[in-house]
Amino acid sequence: MVNIPQLLAQELNLKPFQVQSALELMAEGATIPFIARYRKERTGEMNETQLRELAERHAYLTELEERKAAILSAIASLGKLTEELQAKITACLQKTELEDLYLPYRPKRRTRATAAREKGLEPLAEWIKSLNVKNAPIVPLESEAVKYISEEKGVKSKEEALKGAADILAEEIAEKAELRAYIREYLLNEGVFVSRVKDDYPEGTTKFEMYRNYQIRVEDIAPHNLLALYRGEAEGILDFDLSFDEGVVLSYLESQEIRTKNPSLRKFYHDLLKDGWTRLMKESLISAVRNEKKSFADVESIKTFEANLRDLLLSSPAGMRPTLAIDPGFRTGCKVAVLSQTGQFLAYQAIFPHQSAAARSQAAQTVKQLLEKYRIELIAIGNGTAGRETDEFISEVLQTVERKPIKVMVNESGASIYSASQVAIAEFPELDITVRGAISIGRRLQDPLAELVKIDPKSIGVGQYQHDVDQKLLKQKLEETVESCVNYVGVDLNTASQELLGYVSGITTTIANNIVAYRNENGVFKNRRQLLKVAKLGPKAFEQAAGFLRIRGGENPLDNTAVHPESYKIVEAIANDLNVSLTQISQVASKLKGTNLKKYVTETVGEPTLRDIIGELEKPGRDPRAEFKYATFREDIKEISDLKSGMELEGIVTNVANFGAFVDIGVHQDGLVHISQLADRFVDDPKKFVKVGQIVKVRVLEIDVQRKRIGLSMKLNK
């Protein structure tokens with residue numbers, strides 16, 4: 001069998017000790033964020049990306065080895081396992097190749113070849129096969145076939161006997177792994193995906209117009225194009241096929257399988273190969289190629305989704321300050337929620353600024369009273385229906401007050417999903433669904449990460465074709481992304497929701513609930529060691545989680561840093577050597593400059609961890625996310641009809657796809673900056689140039705009011 005650790009080291013360009021150590025840590029239950037942050041010495045400083053790649057490939061190869069063992073056992077039980085076949089199976093590194101080798105031995109439903117064998121025609125097939133060599137004697141096939149005519153077995157004629165033998169040979173050839181592999185590769189390299197819109201849909205009536213008469217080489221198709229073809233096919237709008245030269249395939253099969261010079265036998269093989277190809281190989285190989293390309297498109301699309309989600313989750317927080325949160329609306333009014341500097345819900349009011357002059361005046365008075373009473377510093381306005389009109393109204397109100405809070409339009413994608421969720425109901429059982437939505441909008445501004453973890457990532461609105469990709473893989477990857485972001489930023493142990501705590505390394509849903517219950521019963525945590533008093537949070541969970549949990553204003557200043565408790569003694573020793581108390585811990589880093597760190601190295605803590613500790617002590621408790629910035633929309637641009645070609649506007653990137661980026665410019669409809677318009681130079685990957693949440697300057701290129709499409713450019717040169 002394959003030596004998996006050795007193979008992983010070769011494939012991933014890692015040292016054997018790195019692979020071995022990382023796999024041992026994972027087997028012990030260590031999470032990837034924990035290993036990447038706190039076990040750098042053991043893994044040779046492997047980062048999260050390397051560790052996840054290692055874990056995925058290790059899982060794949062482990063499953064492959066288990067499948068090999070099952071297949072070898074199954075073939076051996078049939079008495080058909082040869083040394084050559086065993087060697088081929090043992091050497092396999094891909095599941096497709098392995099299943100091809102197993103195909104001839106796999107239990108299958110009744111086939112034409114099965115029926116022919118039952119009629120006793122396998123010896124005839126073997127005899128014909130023995131003639132398929134260069135210098136075999138020329139013997140009429142019918143002379144042998146006549147011997148197999150049997151009323152009892154249902155073989156009524158020599159032609160029927162030969163047909164049965166051909167069925168047996170066709171199936172045998174169709175199941176040859178090397179032939180299938182070659183043809184599959186040919187289809188991947190030379191095939192062409194083609195599509196057309198069905199006749200039921202006249203030109204201009206579907207969202208799949210670009211695929212009306214579409215063709216592209218299989219190897220060249222972009223992931224988003226392939227997923228669009230699959231969706232169009234699923235919706236019954238597109239006919240979607242794989243086109244290729246079948247003559248090339250048949251010529252290849254003949255070159256590999258026909259060895260005789262006997263014209264009649266050549267004709268016999270020609271016919272059975274054509275039948276075997278058409279009946280037994282064609283559809284399955286086309287399906288295999290489509291599935292392979294679909295899997296690739298899924299992986300690439302999910303990577304883009306992951307990157308967008310990461311950028312959104314790591315958006316700069318406006319900070320935990322008193323906030324007025326508004327969920328805008330026309331007919332039903334605007335729902336206004338007041339949040340404290342800890343995100344606690346304080347008050348609610350409904351206002352109706354868009355119904356009449358009197359109602360607008362009353363709404364203005366209500367807003368001013370709330371601003372004053374709660375000393376509001378932030379105003380969050382949802383960007384949905386009536387968002388820009390409400391933004392304009394709030395601007396009018398702010399002109400009449402002395403102390404002006406920061407006003408920000410907030411992307412409310414998924415807020416309605418959250419407000420109707422069990423999480424929101426449990427958090428605010430007495431509140432109306434619309435009030436919960438306003439609270440979510442406000443908290444997104446205060447701390448995007450803490451609020452967005454409560455929503456299914458698929459509902460946040462930063463993916464393309466998220467319902468068309470492999471849902472199991474999507475869920476896994478998005479959860480990994482959330483976990484990575486949460487542990488990168490760290491979590492305030494005394495204010496975090498159970499949803500946020502549930503993504504911390506080593507903390508299960510049950511433990512997260514127990515932490516909140518302990519906090520509610522005993523008050524705030526004063527030090528990290530108190531975590532060990534939480535039900536079901538044992539030493540292992542503590543080891544995994546402690547470094548990612550922060551306690552502000554606790555008994556030990558180190559508890560508000562990413563320094564792990566296992567390293568506290570080293571920090572205390574360093575501080576003691578420098579005559580610095582832990583209350584002045586930020587001074588340690590500057591005083592250590594020029595000091596030889598090797599003197600503090602121990603068996604478990606090496607220079608990589610020491611460098612991390614020093615970096616953390618420079619700014620204890622700092623938030624690693626970027627400084628807060630927000631976009632300012634033009635006051636006179638509220639609807640798509642207000643736009644004119646050539647306008648230069650400020651906007652915020654809401655989504656990045658393989659073909660470009662979507663930008664909110666404040667008109668309820670995001671504009672598209674096509675990949676060709678992202679920069680003055682060639683762009684191969686939009687993610688290298690823009691990210692979700694980024695504030696950008698754009699120029700309007702074209703407006704299609706009817707189809708609600710806006711073309712934008714970020715090029716400096718017009």
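A nonpolar core is a set of buried Ala, Val, Leu, Ile, Met, Phe, Trp, Tyr and Cys residues joined through side-chain atoms within 4.5 Å. With that idea in hand, welcome to the close-up views of this predicted model.

**Figure 1. The whole protein, before we zoom in.** Let us start with the overall picture. The protein is built with 28 helices and 15 strands. Its C-alpha atoms fill a box of roughly 105 × 70 × 50 Å along the principal axes. Of the 718 residues, 50% are buried. The accessible surface comes to about 34,900 Å², and carbon and sulfur atoms hold 50% of that area. Among contacts with a separation of 6 or more, 65% join residues that are 24 or more positions apart. As for charge, there are 99 positive and 103 negative charges, and their mean positions lie 2 Å apart.

**Figure 2. The largest nonpolar core and its best-connected residues.** This core has 167 residues. Which of them have the most contacts inside the core? They are I128, L253, F268, I515 and L643. Helix 15, which covers residues 263–313, gives the most to this core, with 16 residues. Take I128 as a place to begin looking: leaving out residues up to four places away in sequence, I128 touches L141, L162, A165, L169, L265, F268 and Y269. Note that F268, a partner of I128, is itself on the list of residues with the most contacts inside the core. A second, separate core has 23 residues, including I326, A363, A364 and A631.

**Figure 3. Two aromatic pairs, one within a helix and one between distant parts of the chain.** A pair of aromatic rings is described by the distance of the centres and the angle of the planes. In this model the count comes to 12 aromatic pairs. One of them is formed by F34 and Y38, a tilted pair with 5.8 Å centre to centre and 45° between the planes. Both residues sit in helix 3 (residues 32–38), four residues apart, or about one turn of the helix. F34 and Y38 are both buried. Elsewhere, F345 and F428 make an edge-to-face pair, with 6.2 Å centre to centre and 75° between the planes. This pair links distant parts of the chain, 83 residues apart: F345 belongs to strand 6 (residues 345–351), while F428 is in the loop between helix 19 (422–427) and helix 20 (433–446). Is F428 buried or exposed? F428 counts as buried because its relative accessibility is 10%, which is under the 20% cut-off. Returning to F34 and Y38, ring pairs link these two with F548 into a cluster.

**Figure 4. V367 and its neighbours in space.** V367 has its place in helix 16, residues 357–373. With a relative accessible area of 1%, V367 is buried. What does V367 contact, leaving aside its neighbours within four places in sequence? The partners are L324, I351, F393, I394 and V397. For a sense of distance, look from V367 to K715: the two are 348 residues apart along the chain, and their C-alpha atoms are separated by 41 Å.

**Figure 5. Two loop residues with positive phi.** A386 and H668 make a friendly pair to view side by side. A386 is a residue other than glycine with a positive phi, near 70°. A386 lies in the loop between strand 7 (378–382) and helix 17 (387–398). Its relative accessible area is 1%, so A386 is buried. H668, also not a glycine, has a positive phi near 70°. H668 is placed in the loop between strand 12 (660–664) and strand 13 (671–674). Why is H668 called partly exposed? Its relative accessibility is 37%, and partly exposed residues are those between the 20% and 50% cut-offs.

**Figure 6. F659, a buried loop residue with many partners to find.** F659 is in the loop between strand 11 (648–657) and strand 12. At 16% relative accessibility, F659 counts as buried. Not counting residues up to four places away in sequence, F659 touches H224, Q464, L672, V673, H674, I675 and P686. How many residues along the chain lie between the positions of F659 and D684, and what distance separates their C-alpha atoms? The two are 25 residues apart along the chain, and their C-alpha atoms are separated by 9.4 Å.

Terms used. Residues are numbered from 1 along each chain as its sequence is written. This is a predicted model: local features need pLDDT of at least 70, side-chain atom pairs count only at pLDDT 80 or more; totals for chains, interfaces and linings use all residues. Side-chain values use heavy atoms; hydrogens and water are left out. Buried means under 20% relative accessible area, exposed over 50%, partly exposed in between (1.4 Å probe, protein chains only). Contact means heavy atoms within 4.5 Å. Accessible areas come from the Shrake-Rupley method with a 1.4 Å probe; for residues, only the protein chains shown count as cover. Lys and Arg count as positive and Asp and Glu as negative; His and the chain ends are not counted. The place of a charge is taken as NZ of Lys, CZ of Arg, CG of Asp or CD of Glu. Rings of Phe, Tyr and Trp (its six-membered ring) pair if their centres lie within 6.5 Å; planes under 30 degrees apart count as stacked, over 60 as edge-to-face and the rest as tilted.
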